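Trainee: Could you take me through one part of this structure at close range? I'd like to follow it residue by residue, with the reasons spelled out where there are any.

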Amino acid sequence: MSHITYNKMWAEAQEALNGLLQREIEDKSLKPQKDRITVFQTLATFYIKYVQIFCNLETVYDQIVHPQKRLVIRQVLEGVMGRILELKNEMVELENSEFHYFDDILQDLKLSPEHIEIPIPRYFIKEKVKVLREREKILAQILMNSGLQDIKPKKYVKPFPLEEVIRVIQISERARQGRLRATFMKQIYLEEKRERQARLQGVKGPNLDAAALHIQKVWRGFTQWKKTVKMREEEMIFLGMNPPPQFQRISASVARAQNVETKRCEVQGRHETEYEKALVSIKTHLREIEGPDIKESLQDQIRQWFIECWHITGKFPDYPNEEEGGSTAIFSQKTPDQVAAELAAKEEAAAVKKKPKEKGKKEKKKKKGKEKGKGKEKKGKTDTEEEEGWKMAPSNFLPIMEEGNNQYKDIWQNRDERWNFLQEYDPELIKEEKRKEVEEEIRVQVDELMRQELKNLKLAVDREKDKKRKKGKKGGKKKKKKGKKKKKKKEKDLTPNRTIDSLYKELVEEGLLIKPKTVKLSDYVGSQAVHEKAPLVKALLLAGPTGVGKKMLVHALCTETGANLFNLSASNIAGKYPGKSGLQMMLHMVFKVAKQLQPSVIWIGDAEKTFYKKVPKSEKEMEPKRLKKNLPKILKSLKAEDRVLVVGTTQRPFDADLRPFCKVYKKILLIPRPDYASRFVLWKHIILQNGGAVTKSLNISCLAKVSDGFTQGHIVYAVQTVLSERRLRQMTNKPLTAAEFLSSLARQDPVYKEEEETYKVWYAKTPLGKARARALLEGEEVGKGKGKGKDKEEKKGGKKGKKKKK
């Protein structure tokens, strides 16, 4: 696809975004809504539409090579990402659930579930490929030097003596000759047997016509069977029931697309570097050519302002400080009369300041009292308003999107780009941007010169007034010194003299910083700006039975975002950095490196052990509750700009003390075992992934039904045990059957209903589970109340009717 197509795609996405922004502004002015269903529908429609815009903008940002367009798209893209997170947070608070169902809304919008799948932005990894590769090399080197590299153990082969080797060769050769002799003798025996039977039956010589006819029948039948099989396969492929032939091989079109992608990345990089160079060169060029003219015009304007103020007020004005904006404050479209009025207002303010301070203090106290009263009234009003209905919460990302949308409208919507076929940077836009910067820089220099000139003019006209002003300024400066703000206490750095590289190396050697497995989210069948302004999630808990993919999700998270993975599981930190001071040092090092080399994921496996109700005797030496006190404190110290996420995984969450557990892990995701549809997809996907072939003899539907209660991990283990190298070689002659997988599946323990119920009961006790249960009870009570009200009304109506009849 050419850049014209992606420009069109960008225009469509911006048009859709513009419509959504207008709707968001309209919804702010509307009254609060009471019906929860309509509220959820509005949130869900916004969410789905923003996801579609995000997908389109992400594709456009990845494909477009124009550097200036990419800056605008990136701004809008990050705004849309943040808005999606805000809407998701609103839906969670509304429904008290992390999972939402959009079936009805998707049907209304004529969309499939695929349309609301959020892709991982490709620029997350692309922009820091070099850094990640260097980090991987360093990590591999440290692991190799410390002897911790995951190298598969080589099988030890016992050396044979020469005599033994010769004997083995002789045995195998004699066996081979014996097999050949046996097959030869068998053929002779069968021929003799045929001749003997023919003599006994008195059969004459072979009938050639009958033999030819028989061969023709067999051959025609065989060819027709082949044709029907081929037709059926083609039909199944056309219907999408079977994968096409050579499904796993990379086709020529895919290879071509990959080649185009690499070339596009090179072009993007080249255009970016050219754009960055142009920013510097064009700025210097403007400073050299237009700088002197700008300087002269600014000086003339400021001198003119001096003269006008002198004619109107009879004195020269005060020159604004750098903090006030310098000469920019002067030329903010103000007339000399307005300037005079401002000066008069300043004099009045100075006169008011000279009055006794006590009056001011009393007035302040009165004002504060009034403000407090007003505040209480306001609070009362807001509480009642909130009770009355729901209204959309204020967004941090709407201004970002609006700004990006306005930039698109002003610059790119109707811009003629017929001259820019290669989609390189636009020098005119850079000139417009850099001209302002050059003007600002020159303005600062001119301000210094003109302040001196104004001083000289004032000295020449009225020296006495100038002395008084100097005294006033000195007094003002002294007063400022009294009101100093208290400095906030900084966190103590326990490793001030150590480099990040040395800390990184130590953490790797101690096994606290580990290498994540290369797992993509597609195998699981931070942008900085978004992280700072989106609803902050510091800690996340993944709970569920063994084999549902909790650890896999952690590794996928690190792979997709290029994050470091730290392992603070109770079993991993046992015996490392002993004592209180050792624990503080370990946590300090981990979080210092995690913040410096962000994004980072701190994984705590078997998270329930940190908050055990009662520590088992077998685990007392391990000290599983070491992090219980320190972990909440560290999470409090994490700020919005720190891209660090603590992820806990647990198989037995019900063993933990619930209150402190839920205080640390405020976001909890319960991952259930797969249902029938998920199992059907899993069996097919994992068999193909491990080199197997899905044929008619393999009944996947039967496997999906039989494996009810088993998790993803169980299915993977069953497939990998069956599909050995020997079995894969036999695949062409002996296709796979469902019965082969049952024995390896039966050796594993499934997730029983009782265990699943314990997870559900535990989740119902969490804050979100409780809130959901409360909301459901309230809904039932409201329904019952309505029903009772109707019954009462009906009864009253019935009684009145009877009286009238009487």
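**A close look, starting from a buried proline**

Mentor: Pro653 counts as buried, because its relative accessibility is 0%. Keep in mind as we go that this is a predicted model. Pro653 sits in the loop that runs between β5 (644–650) and α23 (658–664). What does Pro653 touch, not counting residues up to four places away in sequence? The list is Ala543, Glu608, Phe661, Tyr759 and Trp762. Take Tyr759 from that list: Pro653 and Tyr759 are 106 residues apart along the chain, yet 7.9 Å separates their C-alpha atoms.

Glu608 is another of those partners, so let's move to the backbone around that number. A bit of background helps here: most residues other than glycine have a negative phi, and most peptide bonds are trans. Now look at Asp606, in the loop between β4 (600–605) and α22 (630–637). Asp606 is not a glycine, but its phi is positive, near 50°. Is Asp606 buried or exposed? Neither quite fits: Asp606 has a relative accessible area of 29%, so it ranks as partly exposed. The loop between β4 and α22 also holds Glu623, and Glu623 is again a residue other than glycine with a positive phi, about 50°.

Step back to the other end of β4. The loop between α21 (579–596) and β4 contains Pro599, and the peptide bond leading from Gln598 into Pro599 is cis, with omega near 5°. Pro599 is also one of the residues that Asn564 touches. Asn564 belongs to strand β3 (residues 564–567), and it counts as buried because its relative accessibility is 4%. Beyond four places in sequence, Asn564 is in touch with Arg135, Tyr504, Cys558, Leu597, Pro599, Ser600 and Val601.

Now for some helices. In α28 (residues 739–746), the buried residues are Phe741, Ser744 and Leu745. They span an arc of only 100° around the axis, which means they lie on the same side of α28. The general rule is that an α-helix has 3.6 residues a turn, so residues three or four places apart point the same way. Which elements help cover the buried residues of α28? Among them are α24 (676–689), α25 (700–706) and α26 (712–722). On the face of α28 turned away from the buried side you find Ala739 and Ala746, both exposed.

For a helix pair, try α3 (residues 67–95) against α9 (residues 252–289): their axes are 9 Å apart and the packing angle is about 100°. At that angle, α3 is roughly perpendicular to α9. From α3, the contact uses Pro67, Gln68, Arg70 and Leu71, while α9 brings Gln268, His271, Glu272 and Tyr275. By type, the residues of this contact split into 3 nonpolar, 3 polar and 2 charged.

Stay on α9 for one more residue, Lys283. Would you call this lysine buried or exposed? Lys283 counts as buried, because its relative accessibility is 16% and the cut-off for buried is under 20%. The side chain of Lys283 makes a polar contact of 3.3 Å with the side chain of Glu437. Setting aside neighbours within four places in sequence, Lys283 is in contact with Ala278, Lys434, Glu437, Val438 and Glu441.

Note on methods. Residues are numbered from 1 along each chain as its sequence is written. This is a predicted model: local features need pLDDT of at least 70, side-chain atom pairs count only at pLDDT 80 or more; totals for chains, interfaces and linings use all residues. Side-chain values use heavy atoms; hydrogens and water are left out. Buried means under 20% relative accessible area, exposed over 50%, partly exposed in between (1.4 Å probe, protein chains only). Helices (H or I, at least four residues) and strands (E, at least two) are DSSP runs, numbered from the N terminus. The arc is that of the directions from the helix axis to the C-beta atoms. Contact means heavy atoms within 4.5 Å. Axes are lines fitted to C-alpha atoms, for helices over the stretch in contact, and angles run from 0 to 180 degrees between N-to-C directions. Angles under 35 degrees count as roughly parallel, over 145 as roughly antiparallel, 65 to 115 as roughly perpendicular and the rest as oblique. Ala, Val, Leu, Ile, Met, Phe, Trp, Tyr, Cys and Pro count as nonpolar, Asp, Glu, Lys and Arg as charged, and the others, Gly among them, as polar. A polar contact is a pair of N or O atoms within 3.5 Å; within protein, one must be able to donate a hydrogen and the other to accept it, and residues adjacent in sequence count only if both atoms are side-chain atoms.
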